[in-house]
Amino acid sequence: MIGLGKHETEELLAYCQENLRADEEGLLWWTLRGRRRSAGKPAGVITSHGYRYIGARGVILPAHRVVFALYHGRWPRGLIDHTDGDRSNNRPSNLRETCYVGNARNSRTYRNNKTGYKGVSQTVGGRYRASLYTRDRRLPVGTFDTPEEAHAAYVEASRKYYGEFARAA
């Protein structure tokens, strides 16, 4: 796992526990009034990338890490993965600790994907290749006549190899 961020200290966790509360929807609310904040008001701002960030004690923190810390009583040791892929969904049930590999496995289909299916590419001969990727190499699943067949094979193989981090789309 990656380890704590340089600012994620026990003191900052105590400050967050004292001044913020997370509801079941994953939203953070200020509990105490202070400079540029009011008790009962939502905490943080949403960036152009879709993540919410919270300013606490001069440190800017991703809201999903704060929600995780409030629910588990500790900072996450690695990355936090949004299970459903929605960056703004910080429900505790949607957050899980992972590493770079697990996070990448749960990624969406890239915008520049020409077949429209995750894990599927077209060969020079016009057929469709399904592949999985590990840390350092491509694992061929098979070659198929249609992109749908290749995608079905990819989905089956990703569930087998990626487990809970498998994402079909």
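Helices (H or I, at least four residues) and strands (E, at least two) are taken as DSSP runs and numbered from the N terminus. The model is a predicted one, in which local features need pLDDT of at least 70 and side-chain atom pairs count only at pLDDT 80 or more, while totals for chains, interfaces and linings use all residues. Residues are numbered from 1 along each chain as its sequence is written, and side-chain values use heavy atoms, with hydrogens and water left out.

The protein contains 4 helices and 10 strands, which follow one another from the N terminus in the order α-β-β-β-β-β-α-β-β-α-β-β-β-α. The radius of gyration, taken over C-alpha atoms, is 20 Å. The globule rule (2.2 Å times the number of residues to the power 0.38) gives 15 Å for 169 residues, a value well exceeded here, so the protein is more spread out than a compact globule. The C-alpha trace spans about 65 × 25 × 25 Å along its principal axes. Of the contacts (heavy atoms within 4.5 Å) between residues at least 6 apart in sequence, 42% join residues at least 24 apart. The exposed area, computed by the Shrake-Rupley method with a 1.4 Å probe and, for residues, with only the protein chains shown as cover, is about 10500 Å², and carbon and sulfur atoms supply 49% of it. Buried residues account for 37% of the 169 residues; buried means under 20% relative accessible area, exposed over 50% and partly exposed in between (1.4 Å probe, protein chains only).

Strands count as paired if DSSP finds at least two bridges between them. One open sheet consists of 3 strands in the order 3-4-5, with antiparallel pairing. Its edges are formed by strand 3 (45–46) and strand 5 (59–62), each of which has a single partner strand, so one side of each lacks a neighbour in the sheet. Strand 3 pairs with strand 4 (residues 52–56) in the antiparallel sense over 2 bridges, and Val45 stands opposite Tyr53 in strand 4. Helix 2 (residues 63–72) packs on this sheet and touches strand 4 and strand 5. The direction of helix 2 makes about 80 degrees with that of strand 5, where axes are lines fitted to C-alpha atoms, for helices over the stretch in contact, and angles run from 0 to 180 degrees between N-to-C directions.

In helix 2, 7 of the 10 residues are buried, so this helix is largely enclosed by the rest of the structure. The buried residues are Ala63, His64, Arg65, Val66, Val67, Phe68 and Ala69. His72 also lies in helix 2 but is partly exposed, with 47% relative accessibility. His72 and Tyr110, 38 residues apart in sequence, are separated by 32 Å in space, C-alpha to C-alpha. Gly73 follows helix 2 and has a positive phi, near 75 degrees.

A nonpolar core is defined as a set of buried Ala, Val, Leu, Ile, Met, Phe, Trp, Tyr and Cys residues joined through side-chain atoms within 4.5 Å. The largest such core has 21 residues, and those with the most contacts inside it are Leu12, Cys16, Leu28, Leu61 and Trp75. At least two residues of this core come from each of helix 1 (10–19), strand 1 (20–22), strand 2 (28–30), strand 4, strand 5 and helix 2. Helix 2 provides the largest share, 5 residues. Apart from its neighbours within four places in sequence, Leu61 contacts Glu8, Leu12, Cys16, Arg52, Tyr53, Ile54, Ala56, Val66 and Trp75. A second, separate core of 9 residues includes Val120, Tyr128, Ala150 and Val155.

Another open sheet of 3 strands has the order 8-9-10, again with antiparallel pairing. Strand 8 and strand 10 are at its edges with a single partner strand each, so one side of each is left without a neighbour in the sheet. On average, neighbouring strands of this sheet are turned by 30 degrees against each other, direction ignored. Helix 4 (residues 147–162) packs on the sheet in contact with strand 8, strand 9 and strand 10, its direction making about 15 degrees with that of strand 9.

Strand 8 (residues 120–122) and strand 9 (residues 128–133) are paired over 3 bridges, and Gln122 stands opposite Tyr128. The hairpin of these strands has 5 residues between them, and within it Gly126 takes a positive phi near 95 degrees. Strand 9 is joined to strand 10 (residues 138–144) by 6 bridges, with Tyr133 opposite Arg138. The hairpin from strand 9 to strand 10 passes through 4 residues.
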